Amino acid sequence: MKATNLPLSLCTVALSLSSASADGPFYGDPPDAHHPWAVHDMNRPQPPIVVPGTFSTQAEPGKPPSDAIVIFDGTQTSIDQNLVMDPKRKDPNKKWVLVDGALQCTPGAGTVKSKAEFGDCQLHIEWAAPTAIVGKSQGRGNSGVFFVDGATEVQVLDNYNNPSYADGMAGSVYGVMPPMANALRAPGEWQVYDIIFRRPIYQNGKQVEPGRVTVFMNGVVVQDSTPLEGGGGHRGRSKARPFKEKGPLQLQDHGNPIRFRNIWYRPLRLRPAEGGTDGRLSQEAALAKRQETAASIREDAATKEGKDKMFRLFESLCYAPHAETLAAATAMSVAYVGELKAAEKDALEKRKGEVMYARQAFDYLTKHEFVPADFTGKREIEAIIEAQGWNNKR
Ligand code: MG
């Protein structure tokens, strides 16, 4: 293909897509036993709008996205309002403290927890090991990000030129899985973790989802949907088990003055196994959602007239059968096609787009058996299009 032809051919593709009503119903494959939505379904709810945040630099933390729940934003207020010091610490004077806009562990202060309790989430957290190198292996720059009240730890450790056991290195699921890479910056520099945490799901005592964690370390993926295998821990081989649905985030005091900044999370959508209403659902859930959508479209149809009402009623049948609606829509289609047949050729020419759309709708309804085999609309609208000569025009 010549380069000069490209814009024209792209244009043709765009036109043919729009004439096929990609934004309307009667287009993608319809809902099925496990999917409550058609492919490319405009009835499917729109995702909420989120204003993205900004990336951090070494000098400054970035801004969280607009819907993030902020745990620590560099202020004493966020420490006071959002965090709880360990009530069992031996010395109550030891606390995690604010140092130059960062939350710093005071050795002996114990674990700090978020007041917020949450489960599945996207967590953003940044940390920096002390610049002065003290200790080696697990003794250098050790802390940890614990989900659901300590159920599993994504390790924080200064492994920059500091080997340790692989399943305990920075970015490991501690005691379960080493990171895929060591993408750490030098101690003193800010390290960025972006973590997607999914707890295990049990039904009737049986595990249906193992729980998974994905971790990006400074933009490098180091855990890729890693199964949690019970969450891990120190020395002991963990056994698969349910986690609490929600719990606080914990940051570990491992005796090193680690700093944290820019801590926020976003809850994730429910999975089908925990009552989510999107994606591949159980037959019961898909059917319930389809019936709900069909009812809502029928309600909307009741506010419309003429062909708009007819198309909307037919559309509802793509989600759930409804004898009364089928009868009403079919009667309307008979009247509609009759009216088209009675129209003058020139007058019909001005309605070409509408008629071609009706053909698309009737083809779709017939192909997917939402109307019975003796549905006459499809045949009659074909005859009208043939008579107008629209099948021959390019
Ligand atoms: Mg640790």
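This briefing covers a metal site, a helix pair, aromatic pairs and three single residues. The model is predicted. A magnesium ion is bound by N142, S143, E153, Q155 and Q252. Helices α3 and α4 pack against each other with their axes 8 Å apart. Across the whole structure, 15 aromatic pairs are found.

**Magnesium site**

- Five residues coordinate the magnesium ion: N142 through OD1, S143 through O, E153 through OE, Q155 through OE1 and Q252 through OE1.
- These coordination distances run from 2.1 to 2.4 Å.
- Along the chain, the donors follow the spacing N-S-x9-E-x1-Q-x96-Q.
- N142 and Q252 link distant parts of the chain, 110 residues apart.
- N142 sits in the loop between β6 (121-128) and β7 (143-147). Q252 sits in the loop between β14 (247-251) and β15 (259-267).
- Both N142 and Q252 are buried.

**Helices α3 and α4**

- Helix α3 spans residues 283-301, and helix α4 spans residues 306-317.
- The two helices pack at an angle of about 170 degrees. An angle over 145 degrees counts as roughly antiparallel, so α3 and α4 are roughly antiparallel to each other.
- On the α3 side, the contact uses A294, I297, R298, D300 and A301. On the α4 side, it uses K309, R312, L313, E315 and S316.
- By class, this α3 and α4 contact holds 4 nonpolar, 1 polar and 5 charged residues.

**Aromatic pairs**

- The search of the whole structure gives 15 aromatic pairs.
- F118 and Y265 form a stacked pair, 3.7 Å centre to centre, with 10 degrees between the planes.
- F118 lies in strand β5 (residues 112-118) and Y265 in strand β15, so this pair ties together parts that are 147 residues apart in sequence.
- F118 and Y265 are both buried.
- F147 and F197 have ring centres 4.7 Å apart and planes at 10 degrees, so this pair is stacked too.
- F147 belongs to strand β7 and F197 to strand β9 (residues 191-198). The pair links distant parts of the chain, 50 residues apart.
- Both F147 and F197 are buried.
- Ring pairs also join F26, F311, Y336, Y357, Y364 and F370 into a cluster.

**S78**

- S78 is part of helix α2 (residues 76-82).
- Its relative accessibility is 4%, so S78 counts as buried.
- Beyond its neighbours within four places in sequence, S78 contacts I71, F72, D73 and L83.

**R271**

- R271 is in the loop between β15 and α3.
- Buried means under 20% relative accessible area. R271 has 10% relative accessibility, so R271 counts as buried.
- Neighbours within four places in sequence aside, R271 is in contact with D120, R198, R199, I201, E209 and G276.
- One of these contacts, I201, is 70 residues from R271 in sequence. The C-alpha atoms of R271 and I201 are 9.6 Å apart in space.

**R241**

- R241 is placed in the loop between β13 (220-227) and β14.
- R241 is partly exposed, with a relative accessible area of 32%.
- Not counting residues up to four places away in sequence, R241 touches A151, P200, Y202 and G230.
- R241 and A327 are 86 residues apart in sequence. In space, R241 and A327 are 53 Å apart, C-alpha to C-alpha.

Key:
Residues are numbered from 1 along each chain as its sequence is written. This is a predicted model: local features need pLDDT of at least 70, side-chain atom pairs count only at pLDDT 80 or more; totals for chains, interfaces and linings use all residues. Side-chain values use heavy atoms; hydrogens and water are left out. Donors are N, O and S atoms within 2.8 Å of the metal (3.2 Å for Na, K and Ca); water is not among the atoms, so sites may look incomplete. Helices (H or I, at least four residues) and strands (E, at least two) are DSSP runs, numbered from the N terminus. Buried means under 20% relative accessible area, exposed over 50%, partly exposed in between (1.4 Å probe, protein chains only). Axes are lines fitted to C-alpha atoms, for helices over the stretch in contact, and angles run from 0 to 180 degrees between N-to-C directions. Angles under 35 degrees count as roughly parallel, over 145 as roughly antiparallel, 65 to 115 as roughly perpendicular and the rest as oblique. Contact means heavy atoms within 4.5 Å. Ala, Val, Leu, Ile, Met, Phe, Trp, Tyr, Cys and Pro count as nonpolar, Asp, Glu, Lys and Arg as charged, and the others, Gly among them, as polar. Rings of Phe, Tyr and Trp (its six-membered ring) pair if their centres lie within 6.5 Å; planes under 30 degrees apart count as stacked, over 60 as edge-to-face and the rest as tilted.
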